[in-house]
Amino acid sequence: MTTRQDLIAAASRYVTEGGLETDLARLVAHKSVSQSEGKPEDLMAYLTGEMEPMLKSMGFDVAIHANPRPGGAPLLTGVRIEDPALPTVLVYGHGDVCNGEAHRWREGLSPFVLTREDDKLYGRGTADNKVQHLINLKAIELILKEKGRLGFNAKVIIEMAEETGSYGLRDFFEAKKDLLASDVLIASDGPRLAADTPTMFMGSRGGMGIDLTVDLRPSDHHSGNFGGLLADPAIILAHAIASITDKRGQIRIKEWLPDSLTPDIRAALKDLPPRRHDADWGQEDLTPSERVFGWNSVAVLAMANGNIDAPQNAISGKAKATIQLRFVVGTDVESIIPALRRHLDKEGFPQVEVKPSRGEGFRATRFPPDHPWVKFVEQSLAETAGRKPHVLPNLAGSLPNDAFTEILGLPTIWVPHSHAECGQHGPNEHVLLPVMEEGMRLMTGLFLDIAEKGQSLPRRG
């Protein structure tokens, strides 16, 4: 098998004949949680038990690195240099997952047991991000197995803390610029815009979590004896949160609004397929695509006071909420917290404490859609799929893309292998086998095209 068509057919068979399902089941079985349910030894086991032997079998020089920040998760690098004169592609993935939250999964499903139902594979980390980097690495493996060489240089970085803000990743990149030096990042995360059409994007919205706390007294008080006398922290907090947006979620803090929804971005978003949305929610004068890819949004991630499962006749002494701002390029990150503080003071809520949530936030990024690498990838995907991909200026979600663009100075291109209804970060997370099969074909074709034509593309430095 030496032709492009033969190799792409072999990539398809890896999925249709069960190879991907077998490999993914093994990856999902690792409880590689980086959030509160996780254990450090499980994060390391994913690297030593799966990624290290896989990459070594492909001729990569592999190293596992301690996180440069105390308490941070380990990272893995793999380097395969065939000829310094060839282009170098950096591939990224994250092996950590969100909390399993087994109690929220429906009957018959378990977060760390891969379960197939029709064309769906269920399990924590299937979509985010285990199958995504598995596909990319298996496409490389297939080419090496059949041809003996890639025809370009490849480097791999696997982190284990993306779900907690990629803690320490930027410090690692600063310290390892030479090790990671490449010409382009080609990676996979996030969902396709439509399950039946390939998607590519060149950046991501930023994300910042913010904790809001109203702490009035050290204990609760009887709601009859003290109702009407003692201030209720939950009511104060609810009004404070409500002041941040209007009733349809439109942001009222002017410093939280972007200036980057320019005519060229509007044009890029104009012909995208319809998005599922509520007609009476979000920025009223924007299209659904503009709201999610070109604008900022606020969400309340969690609120707590008292015990919702067993409410008591008491006024809580404390109430807390975590909100999140998703933001695009054109938002001043450093002003987010100070602007909220000024807003709450102006609205009469000085008692609301404001501080960033645990974990690092992601900065917003975009990369020019007319860059030669972007056009090259777009053409390759179209040739393999037989239809044009959706090309987005940025993902609606957040990724550590700024580490690649700002520290390593790379063009960044993401080709997701998931879909919007995959359930990532929630119960019943899953992937679709038809998307996986096409993803294997797309990435195999892309890597073959880089080997054949990539020498003409821009090189770093």
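**Strand pairing, a buried histidine and backbone exceptions in the predicted model**

Both faces of strand β2 are covered, with L75, T77 and V79 buried on one side and L76, G78 and R80 buried on the other. This description rests on a predicted model. Strand β2, which spans residues 75-80, is mostly covered, six of its six residues being buried. In a regular strand, side chains point alternately to the two faces of the sheet.

Strand β2 is paired with β1 and with β6. Strand β1 (residues 61-65) runs antiparallel to β2, and five bridges join the two. Within this pairing, H65 has L75 of β2 as its bridge partner. The pairing of β2 with strand β6 (residues 153-159) is likewise in the antiparallel sense and extends over six bridges. Here G78 is matched with V156 in β6; G78 is also one of the buried residues of β2. In general, strands of a sheet pair through backbone hydrogen bonds, in either a parallel or an antiparallel arrangement.

A separate description applies to an open sheet of four strands, in which the order is β12-β14-β10-β15 and the pairing is antiparallel. The edges are occupied by β12 (297-304) and β15 (353-356); each has a single partner strand, so one side of each is left without a neighbour in the sheet. From one strand to the next, the twist averages 25°. At the β15 edge, strand β10 (residues 206-215) pairs with β15 in the antiparallel sense over four bridges, and T213 has E353 in β15 as its bridge partner. Helix α7, comprising residues 233-242, lies across β10, β12 and β14 (318-327) and runs at about 15° to β14.

An unreviewed UniProt entry carries the annotation "domain: Peptidase M20 dimerisation" for residues 204-348. In the model, the end C-alpha atoms of residues 204-348 lie 34 Å apart. Helix accounts for 23% of the span and strand for 22%.

Helix α4, formed by residues 126-147, contains H133. The relative accessibility of H133 is 0%, and because buried means under 20% relative accessible area, H133 counts as buried. When residues up to four places away in sequence are not counted, H133 touches Y46, M51, Y92, G93, H94, G95 and I158. Helix α4 also holds N129, which is joined to D128 by a cis peptide bond with an omega of about 15°.

Positive phi values were also examined. Most residues other than glycine have a negative phi, and most peptide bonds are trans. E101, a residue other than glycine, has a positive phi near 50°. The position of E101 is in the loop between β3 (88-94) and β4 (115-117). E101 counts as partly exposed because its relative accessible area is 24%, a value that falls between the limits of 20% for buried and 50% for exposed. N428 likewise is not a glycine, yet its phi is positive at about 65°. The loop between β18 (418-419) and β19 (430-432) is the location of N428.

Note on methods. Residues numbered from 1 in each chain as written. Predicted model: local features only at pLDDT ≥ 70, side-chain atom pairs only at ≥ 80, totals over all residues. Heavy atoms only, no water. Buried < 20%, exposed > 50% of the residue type's maximum accessible area, 1.4 Å probe, protein only. Contact = heavy atoms within 4.5 Å. UniProt positions renumbered as here; feature names shortened; annotations may be inferred. Pairing = 2+ DSSP bridges. Axes fitted to C-alpha atoms, helices over the stretch in contact; angles between N-to-C directions.
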